[in-house]
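Hi there,

Here is the structure I promised to send over. Have a look at it first, and then read on for my notes.

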Amino acid sequence: MSNMEQDRWSRVKGRLRSSVGEDVYSSWFARMDLESVQDESVHLSVPTRFLKSWIQAHYAERVLTCWQAEMPEVHRVDVTVRTAMRVAAPAKEAPAPVEPRRSEGRDGRPSSELRNTAIAPVSASHEALGGSPLDPRLTFGSFVVGRSNTLAHAAARQVAEGRRGDSVMFNPLYIHAGVGLGKTHLLQAVTWAGNSGAERKVLYLTAEKFMYGFVAALKTQTALAFKEALRGIDVLVIDDMQFLQGKTTQAEFCHTLNALIDAGRQVVIAADRPPSDLESLDERVRSRLAGGLVVEMGSLGEELRLGILKSRVAAARAHHATFDVPAPVLDYLARTITHNGRDLEGAINRLLAHSKLNATPVTLEMAEREVRDLIRPMEPKRIKIEDIQRVVARQYNVSRSDLLSSRRTANVVRPRQVAMYLAKTLTLRSLPEIGRRFGGRDHTTVLHAVRKIEALVGKDVALQDEVESLKRQLQE
Ligand code: ADP
Ligand code: MG
């Protein structure tokens with residue numbers, strides 16, 4: 001290769017780097033080599049099939065544009081896998097479905113393999129991907145609707161009843177709630193109901209499974225097939241979104257999400273917090289998540305807890321006909337086990353086990369003894385940054401947008417500092433996150449505010465009272 005070609009290649013890489021940013025560049029392009037330039041085609045190579053399909057799927061245009069900026073006559077860019085790597089690929093452990101049938105040309109001409117990469121055997125990868133296991137008990141039939149989950153339930157039903165080709169009403173549907181409040185139950189119900197017609201394909205994945213599937217696909221170099229499989233489904237359900245971590249995974253998630261939503265497919269997501277609080281998530285993903293319908297499921301009210309208990313007893317009676325829990329016991333359990341649905345389920349399981357093993361009927365006394373450790377003191381309320389901003393703004397008679405603004409007048413600066421201080425002490429949010437939520441401020445600004453108020457509270461009794469009163473209002 002001539003020096004001139006090498007120089008040109010360096011400039012193209014430079015353009016690419018500044019166009020996609022350093023991170024993306026080093027993830028995807030650092031190991032890309034120039035093989036040859038012939039007439040109007042450029043031939044590049046990368047060490048793995050995965051890199052090749054990723055670049056072709058997401059950056060083909062970009063690469064071409066960068067070449068054309070240096071060489072306007074270039075009209076096509078071919079990417080191939082460097083032979084040495086392909087031989088070394090671990091084909092034995094994982095029979096890769098996209099194994100090339102013949103080697104790719106290294107002469108600058110595209111081989112047939114190159115043009116056919118998009119036709120990956122979807123079924124094979126789908127098998128490799130697989131959904132997360134479903135619990136047959138978690139259906140709409142056993143889901144009890146109450147005040148705290150009416151909206152989430154209605155939205156989930158709507159999604160489950162949609163038909164292929166229907167226009168999608170809210171996308172993604174994002175459900176968030178604390179632990180044990182029924183997220184997984186609702187998501188699996190959607191999956192069961194959606195798949196029962198066999199007309200639509202609904203795939204339920206935990207975020208961990210999504211990551212595992214992705215990482216596994218990376219290793220066996222079938223990422224393209226993996227993506228094709230995902231795109232072949234009508235509804236993608238992702239549980240425990242808060243566990244989705246890692247830059248590459250998130251990039252892939254973002255692409256998948258966009259591809260599905262743009263194609264009119266439904267996406268349903270559950271997490272333990274709202275999109276704005278998914279701190280490790282990329283801003284773009286976060287805003288995409290917030291762009292559909294975001295529904296919170298609140299804590300289970302007593303009525304709902306009673307309903308859940310009854311439904312659990314009914315389910316147990318299907319297998320243990322003699323099992324019965326008298327109404328006063330159910331009332332007692334519903335009143336005292338306030339924490340979450342998992343403990344309610346646990347309580348019924350214990351009563352069942354106890355009455356079976358000892359062949360005795362369930363009594364109030366026995367219930368009190370059996371579930372003692374499930375009765376927990378009320379958890380402190382989950383305080384949100386928005387609540388802090390609202391309450392502080394009200395107390396100091398400024399607006400919430402004043403707090404987020406860049407205004408630096410004393411009547412705004414102090415309340416803003418107090419609000420940041422409360423955000424740091426009453427939530428688990430990090431300094432950068434708090435800064436972001438206060439109009440995009442730097443974390444050092446937040447730190448300064450926290451220290452300042454900490455110091456003042458020690459000296460200024462009036463301020464101390466104000467802060468105490470704010471805390472009380474927030475914890476009510
Ligand atoms: P999460 O995924 O939100 O942590 P789960 O969906 O796993 O919670 O629910 C925990 C337990 O509580 C499960 O046994 C579930 O069936 C039960 N549960 C929660 N909410 C309801 C509900 N509305 N109706 C019936 N069971 C519920
Ligand atoms: Mg769950």
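Below is what I found, starting with a sheet and moving on to a pair of helices. Please keep in mind that this is a predicted model.

**The sheet**

Three strands make up an open sheet with mixed pairing, and their order is S1-S2-S3. Strand S1 (33–38) and strand S3 (76–81) are the edge strands, each of them pairing on one side only. From one strand to the next, the twist averages 20°.

If you zoom in on S1 and strand S2 (residues 41–46), you will find that they run antiparallel and are joined by five bridges. A handy place to start is Val 37, whose bridge partner in S2 is Val 42.

The sheet also has a helix to look at: helix H4 (residues 60–70) lies across S1, S2 and S3. Relative to S3, H4 runs at about 125°.

**The helix pair**

Further along the chain, look at helix H14 (residues 302–317) and helix H16 (residues 341–358), whose axes come within 10 Å and cross at roughly 40°. H14 and H16 are therefore oblique to each other, and their crossing is right-handed.

Which residues make the contact? From H14 they are Arg 305, Ile 308, Leu 309, Arg 312, Val 313 and Ala 316, while H16 brings in Leu 344, Glu 345, Ile 348 and Leu 352. Sorted by character, the residues of this contact between H14 and H16 are seven nonpolar, three charged and no polar.

Happy browsing, and best wishes!

Technical notes:
Residues numbered from 1 in each chain as written. Chains lettered and ligands numbered in written order. Predicted model: local features only at pLDDT ≥ 70, side-chain atom pairs only at ≥ 80, totals over all residues. Heavy atoms only, no water. Pairing = 2+ DSSP bridges. Helix = DSSP H or I, 4+ residues; strand = E, 2+ residues; numbered from the N terminus. Axes fitted to C-alpha atoms, helices over the stretch in contact; angles between N-to-C directions. Contact = heavy atoms within 4.5 Å. Parallel < 35°, antiparallel > 145°, perpendicular 65-115°, else oblique. Left-handed = near helix turned anticlockwise from the far one by under 90°. Nonpolar A, V, L, I, M, F, W, Y, C, P; charged D, E, K, R; others polar.
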